[in-house]
Amino acid sequence: MDRYERLSTLLDLLGQRGKVDVDDLAEELTVSAATIRRDLDHLADQQLLTRTRGGAVTNNVAYDLPLRYKTARHAAEKERIGRGGAALVARGSVVGLNGGTTTTEVARALAVLPERNGADEPTLTVVTNALNIASELAVRPHVKIVVTGGVARPASFELSGPLATRVLDEITMDLVFLGVDAVDPALGAYAHHEGEASINRLMAGRARRIVVTADSSKLGGHAFARICATAEIDTLITDDAAPAEVVAAFEAEGVTVQLV
């Protein structure tokens with residue numbers, strides 16, 4: 001386990017338990033107590049937790065892991081999902097992308113499509129509320145970028161709030177790729193933060209086709225705020241570790257499941 005994976009795991013454990021102990025973590029992760037102390041100190045400097053004597057406790061942002069730590073989790077699966085999503089995009093399409101590490105991989109795959117890269121004028125329009133995605137694609141001449149506006153959330157780089165709705169009220173999209181915190185065959189797609197769920201729901205409502213991009217760890221899970229019902233999802237792109245019974249449950253609800 002490298003350092004980024006360890007930091008991600010520490011925050012996941014803290015989010016589940018509310019408080020953690022240095023010695024317990026050292027034993028659980030098979031590293032020294034000194035290493036755990038350094039990691040907790042680093043995360044405290046990032047305001048992602050509060051240090052205590054002998055451990056740490058959650059603060060108001062510990063549940064929502066910033067992208068720079070999330071990127072190490074299921075990275076290979078997310079890259080494959082990104083390529084699978086980009087393959088669905090036809091030349092001239094208007095595509096929506098919300099924030100998240102998986103949709104970021106979709107954006108990166110769109111940026112390097114061999115038949116588009118090198119074009120002198122846009123062959124694709126991307127509408128996004130994610131500042132990091134807009135930044136990565138803005139330098140690509142074959143991509144026309146539309147940013148929703150709104151108030152930025154440091155944990156996810158997503159823009160949300162009333163200002164973000166104005167652009168979306170005026171446009172339609174061919175398809176939207178939704179990164180989610182959880183997606184369940186019975187309950188639908190969910191996000192941890194209600195503000196992000198609200199803007200993502202509006203993006204989904206402006207698209208002719210909804211594609212959820214989620215690695216298998218997100219399947220069957222639960223989060224706080226619903227983005228859309230399962231019946232609204234056209235396609236789910238996930239990795240080949242998805243349990244067969246969960247895939248079957250999505251297909252029974254009319255969702256096309258693409259394993260990558």
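Salt bridges and their surroundings

Modeller: Asp 240 is exposed, with a relative accessible area of 55%. This is a predicted model, in which local features need pLDDT of at least 70 and side-chain atom pairs count only at pLDDT 80 or more, while totals for chains, interfaces and linings use all residues. Residues are numbered from 1 along each chain as its sequence is written, and side-chain values use heavy atoms, with hydrogens and water left out.

Colleague: Why is Asp 240 called exposed?

Modeller: Exposed means over 50% relative accessible area, buried under 20%, and partly exposed in between, with a 1.4 Å probe and protein chains only; Asp 240 has 55%, so the word exposed applies.

Colleague: What makes Arg 80 and Asp 240 a salt bridge?

Modeller: The term requires a side-chain nitrogen of Lys or Arg within 4 Å of a carboxyl oxygen of Asp or Glu, and the closest N and O atoms of Arg 80 and Asp 240 are 3.7 Å apart, so the pair qualifies. Arg 80 lies in helix H5 (residues 75–86) and Asp 240 in the loop between strand E14 (235–238) and helix H10 (244–252), so this contact ties together parts 160 residues apart in sequence; helices (H or I, at least four residues) and strands (E, at least two) are DSSP runs, numbered from the N terminus.

Colleague: Why is Arg 80 called partly exposed?

Modeller: Its relative accessible area is 27%, which falls between the two cut-offs, and therefore Arg 80 is partly exposed.

Colleague: How do you know that Glu 136 and Arg 108 meet in a salt bridge?

Modeller: Their N to O distance is 2.9 Å, which is within the limit, so the pair counts as a salt bridge.
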